[in-house]
Every structure is written in C-alpha cells, then in structure tokens.
Amino acid sequence: MGYALSGKTALVTGANRGIGEALVDSLVAAGAKKVYAAARNTSALESLLARHGSRVVPLQLDVTNAAQIAAAAATATDVDLLVNNAGIVGFHGGDFTDPQWIEGGRREMEVNFLGTFAVTQAFAPVLAKNGGGAIVNLNSVASFVSFPILAAYSASKAATHSLTQVTRAMLRAQNTQVFGVYPGPIDTRMAEALPLEKASAADAAVAIVAGISAGHEEIFPDKVSQGAGPAFFSDPKGLERQVGGVAAAA
C-alpha cells in the first residue's frame, strides 16, 4: 500500500549530513508540510534551515541518549513518518582477530540497532495517536550479506533488518506501515574510506522517497542494492559466495 507524503509531518534522525540531509530535501520536495531534522548538534543543520525555512524544524537528538529521545517524542507529537537514518561505521578493514572490531562493533550496535529500537519505541505511541503513520529504517545491503571489510557493521545492520521485520509485525495492529531501505555504498562521509563505487546521496534519497510513496516494503535505492537485494531473495548462498569471493580477491 502506497504512503502519500503530501501534507505529512516527518522526523529524520541523523539529518545533518549524507543521506539524512538529502532525505530532508526530498521529503520537502515530495510535499511534506514539516520535517523535524534531528541531529546531535543542531548547529550542523544551518544549511537545511537556509534552504527550507520554517518547513524544517531543528531537533537535538542523540539516539543513544534516553533523555533526549524522550524529550524528542514529547516535542514532536505531530509526527506521521519516522525515518531512522542515524548510523555509524565504528571500524572497517583489519584482520578477523583485530580487537578494534569489538570496540567498533559495540558502538555500531549501540547506535545502529539499539538507537533505532529506542527511538522507534518512543515514537510508536505518537504514530498510533496520529492514525498509524509509517516508519522507515535505513538498513543496508549488508543486512543481507556480511562484507568482510565491514564485519561488525554488517552484523549491526542484520540486526536492524530483523528489527524492521518485528516492528512491522508488532505495529501492524495500530496501522503503522514499516519500510526497510537497503542501500549499497553511498557517497557520504561515513563511506568515504570504502574503495567501492558509490551512488550520490541525493539520488538515493529521491529513490527512497519514491519507494515510500509507492508502498514498497523493501526499497533498493541504487544500482548495487538493486542487484544484491533480489539476489538475496532468490539465492542467498550464491550472494554470500559472490561477496566472499570479491573480498578474497581483494
């Protein structure tokens, strides 16, 4: 079922740069009447405010801070659409036994999985009060297949994919639609160290918004994900061998 964005109020976490910033632009362009742009540092939102004026409302939100999450839910009581975009790469590369995987992975789980879970818990009653609305989780193709260069990050994104599924099941009764977005590498600061072909954040955001409007529960917004996503559903072991082979050759 499609989700019409015109006239809706959205909240985007991690809106200060990358896909988050581009999603705010695309939601405004799609007719959202208000977008809460959430970031740990609201001063980083100045360019969005300059472009969109009062249609974008800055909101301080660290998704690992319980008090800030509660305050955000108490402030943004008119939200129809929650976009869980905030995420980090804590560590990449390295041998399997590198202890930095554990330290980085702990941060990735805290932000990518538990942060998304906590924000969704806080806003689920808000969405219910407003008729159900929708939730969009920015997952990754790494939700489906683990990339050795991103070992712990891949695990955190597999966790957000699982969370997306259970959120869809548990909030169906309150008429909340739940979308999972599974991008490949996007040209953002978070991915700048990855030696891979990347799509632009602006192009990915346009595709994500189009997928939401069309009602696609799984959204593949770039060339890499459009290959990897269907490959996972048709031949998951084949995709695992393909990704593992590329990593071994590198």
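# Exercises on a predicted model

Threonine 164 is in contact with Asn137, Asn139, Val178, Phe179, Gly180 and Tyr182, leaving aside its neighbours within four places in sequence. The exercises below refer to a predicted model.

**Exercise 1. Determine in which element threonine 164 is found, and whether the residue is buried or exposed.**

Solution. Step one: threonine 164 belongs to helix α5. Step two: the relative accessible area of threonine 164 is 1%. Residues under 20% count as buried, and threonine 164 is therefore buried.

**Exercise 2. Compare the span of α5 with the expected value, and state which elements its buried residues pack against.**

Solution. Step one: helix α5 has 20 residues, which at 1.5 Å a residue should span 28 Å. Step two: the end C-alpha atoms of α5 are 29 Å apart, in agreement with that expectation. Step three: the buried residues of α5 include Tyr153, Ser156, Lys157, His161, Thr164 and Arg168. Step four: the packing partners of the buried residues of α5 are α4, β5, β6 and β7.

**Exercise 3. Describe the surroundings of serine 140, and identify the backbone atom that lies 2.9 Å from a polar atom of its side chain.**

Solution. Step one: serine 140 is located in the loop between β5 (134-138) and α5 (151-170). Step two: its relative accessibility is 7%, so serine 140 counts as buried. Step three: beyond the neighbours within four places in sequence, serine 140 is in contact with Tyr153, Lys157, Val181, Tyr182 and Pro183. Step four: the atom sought is the backbone nitrogen of alanine 142.

**Exercise 4. Establish how far helix α1 is enclosed by the rest of the structure, and what follows just after the helix.**

Solution. Step one: α1 covers residues 18-29, twelve in number, and reaches 17 Å from its first C-alpha to its last, close to the 16 Å expected. Step two: nine of these twelve residues are buried, so α1 is largely enclosed by the rest of the structure. Among the buried residues are Ile19, Leu23, Val24, Leu27 and Val28, as well as Glu21 and Ser26. Step three: just after α1, glycine 31 adopts a positive phi of about 105 degrees.

**Exercise 5. Name the residues with the most contacts inside the largest nonpolar core, and the elements that give two or more residues to this core.**

Solution. Step one: the largest nonpolar core has 33 residues, and those with the most contacts inside it are Leu27 and Leu81. Step two: two or more residues of this core come from each of β1 (9-12), α1, β2 (34-39), β4 (81-84), β5, β6 (177-181) and α6 (201-214). Step three: another core, of 22 residues, lies apart from it, and includes Ala86, Leu127, Ile135 and Val178. Step four: leaving aside neighbours within four places in sequence, the contacts of leucine 81 include Leu5, Leu11, Leu27, Leu127 and Val136. As background, nonpolar side chains tend to be buried together in soluble globular proteins.

**Exercise 6. State how many aromatic pairs the structure holds, and analyse the pair of phenylalanine 91 and tryptophan 101.**

Solution. Step one: there are six aromatic pairs in the structure. Step two: the rings of phenylalanine 91 and tryptophan 101 are 4.8 Å apart, centre to centre, with 80 degrees between the planes, and the pair is edge-to-face. Step three: phenylalanine 91 lies in the loop between β4 and α4 (100-129), and tryptophan 101 in helix α4, so the pair ties together parts ten residues apart in sequence. Step four: phenylalanine 91 counts as buried at 14% relative accessibility, and tryptophan 101 counts as buried at 8%.

**Exercise 7. Classify the pair of tyrosine 182 and phenylalanine 220, and locate the two residues in the chain.**

Solution. Step one: the ring centres are 5.9 Å apart and the planes stand at 40 degrees, so the pair of tyrosine 182 and phenylalanine 220 is tilted. Step two: tyrosine 182 is in the loop between β6 and α6, while phenylalanine 220 is in the loop between β7 (218-219) and α7 (223-234); the pair thus links distant parts of the chain, 38 residues apart. Step three: tyrosine 182 counts as buried at 1% relative accessibility. Step four: Tyr182 and Phe220 form one aromatic cluster with Phe144 and Phe232.

**Exercise 8. Find where asparagine 175 lies, and describe its phi.**

Solution. Step one: asparagine 175 lies in the loop between α5 and β6. Step two: its phi is positive, about 65 degrees, although asparagine 175 is not a glycine. Step three: with a relative accessible area of 56%, asparagine 175 is exposed.

How values were computed:
Residues numbered from 1 in each chain as written. Predicted model: local features only at pLDDT ≥ 70, side-chain atom pairs only at ≥ 80, totals over all residues. Heavy atoms only, no water. Helix = DSSP H or I, 4+ residues; strand = E, 2+ residues; numbered from the N terminus. Buried < 20%, exposed > 50% of the residue type's maximum accessible area, 1.4 Å probe, protein only. Polar contact = N/O pair within 3.5 Å; in protein donor to acceptor, adjacent residues only side chain to side chain. Contact = heavy atoms within 4.5 Å. Expected span 1.5 Å × (residues − 1). Core = buried A, V, L, I, M, F, W, Y, C linked by side-chain atoms within 4.5 Å. Phe/Tyr/Trp six-rings, centres within 6.5 Å; stacked < 30°, edge-to-face > 60°.
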